[in-house]
Amino acid sequence: MSLVASYSTILDARVKKIYPVVSPTVVEEYSKYSNSVTWNQLQYVMTGVTGLAMGQVIADGQVPASDAPIQGNTKTFTQAIFTNRVRLSKQSYYYLFTSKNGAKIDANIKSQVLNLKNSIVHLKNYYAQSIIANGASTSFSFTPIGGFQGSVTVDTTTADGVALWSASHTREDGGTNWSNTTTGAFSFANLLAMRALHAQKKDGRGLPLMSKLDTFMFQDSSSAFFLASSIKKTLENGKYPGATPGTTGSFVDGNPTASFEIIPLAVYGGSGSSSIQWYGFDSAMVNENYGFQYVESMPLEISDLREDFVGNLDLIMTATLYCQFGAADLRGWYYSTGA
């Protein structure tokens, strides 16, 4: 709780300028690589089902075998409560914001330093980023940055019960397991390698998935991000990226692969994505069937600032949101540890 003593310098009559030390803008980063679902129940359940296998060739008079779709695996998203609360003593609020002669913080700064919406957006961004960064395990411990509460254990499995990033994802028809994880720092050679590996993926009946990695994610302003930006521009110019991009050289070969889009991930640190991890996905498979899902059962609610009336005259304001983030099927994705 914030008391008058917490703001002794601000309340000093000699202080003429007060400024907010906050992010100028906060965007919903997770929405750039996930599908949003509104579902007004505690649990959201996804179950896959395959199509038919490849057709048959029979001789005259033979009876064709019968086929049927196969039910796949099930993933349950259980809603969590995302919340934050601001609490000020009655006196500190009065002298900081409302007194005729003593108010030190104007309405513009007040809206920034008491912005519960931005606080929750940061939480969602960091939560989602931590899930993808720690997806090589089946769960991890998540702790909000600067939070006042403890940690929570977060599930990081897909519908088949293995980790988000795994070489042991099962196929619905019992065929060969498929992988969406590899190693190696980002480079042009590893870009080609990841795309080649992705092209080998099959659907639930062993037919080609027909998917292409057209979007890649890196920690913003990391070496991998800068290298990817250089390679992207080179490919868009129809040239073959050299072994050492940015150096003078001649280009005699056309580019062997298509360019791509880049999504920079905010540098949260902690359990967020590192400077060497990188991710590729098919943007056409970011939908209600594939990829990461942001499931929301109750939109953000922010209460008015009001008196607590529990033993003192504290003023409190609370933001509450019911949501969850995860993935049932990551067939359209590939991940590299960067190591």
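I began with the second largest pocket: 25 residues line it, and Gly48, Val49, Glu172, Asp329 and Arg331 lie nearest its centre. I note that the model is predicted. For the volume of this second largest pocket I have about 440 Å³.

I sorted its lining by class and got eleven polar, eight nonpolar and six charged residues. I then looked up which elements take part: strand S2 (43-49) and S3 each supply at least two residues of this lining. The largest share, four residues, comes from S2.

Next I turned to the largest pocket. Its space comes to about 1600 Å³. I find 46 residues in the lining, and those closest to the centre are Thr83, Asn84, Ser119, Pro144 and Gly147. I listed the elements that give two or more residues to this lining: strand S3 (71-78), strand S4 (80-88), helix H2 (107-113), H3, strand S6 (152-155) and strand S13 (315-327). By class, I have the lining of the largest pocket down as 24 nonpolar, 18 polar and four charged residues. I note that S3 is on the list for the largest pocket and also supplies residues to the lining of the second largest.

I went on to the nonpolar cores. The largest has 45 residues, and the members that touch the most others are Tyr33, Trp165, Met217, Tyr279, Phe292, Phe325 and Trp333. Helix H3 (residues 116-133) gives the largest share of this core, nine residues. I had already met H3 in the lining of the largest pocket.

I picked Tyr279 out of that group and asked myself which residues it is in contact with, leaving aside neighbours within four places in sequence. The list for Tyr279 reads Ile132, Ala133, Trp165, Thr215, Phe216, Met217, Leu265, Ser273, Trp333, Tyr334 and Tyr335. Among these contacts of Tyr279, I recognise Trp165, Met217 and Trp333 from the core members named above. Apart from the largest core lies another, of 16 residues, and I wrote down Phe188, Ile231, Phe260 and Tyr334 as being among them.

Last, I traced an open sheet of five strands. I read its order as S7-S14-S10-S8-S9, with mixed pairing. Strand S7 (181-182) and strand S9 (261-265) are the edge strands, each pairing on one side only. I checked how S7 meets its partner: S7 and strand S14 (residues 333-336) run parallel and are joined by two bridges. For Thr181, I found the bridge partner in S14 to be Tyr335. Tyr335 is also one of the residues I had listed in contact with Tyr279.

Notes. Residues are numbered from 1 along each chain as its sequence is written. This is a predicted model: local features need pLDDT of at least 70, side-chain atom pairs count only at pLDDT 80 or more; totals for chains, interfaces and linings use all residues. Side-chain values use heavy atoms; hydrogens and water are left out. A nonpolar core is a set of buried Ala, Val, Leu, Ile, Met, Phe, Trp, Tyr and Cys residues joined through side-chain atoms within 4.5 Å. Buried means under 20% relative accessible area, exposed over 50%, partly exposed in between (1.4 Å probe, protein chains only). Contact means heavy atoms within 4.5 Å. On a 1 Å grid over the protein atoms alone, a cavity is a set of points where a 1.4 Å probe fits but cannot get out, and a pocket is an open set with protein on both sides within 12 Å along at least five of seven lines; lining residues have an atom within 4 Å of a point. Grid points are joined across faces, edges and corners, and a volume is the space filled by probe spheres set on the points. Ala, Val, Leu, Ile, Met, Phe, Trp, Tyr, Cys and Pro count as nonpolar, Asp, Glu, Lys and Arg as charged, and the others, Gly among them, as polar. Two strands pair if DSSP finds at least two bridges between them.
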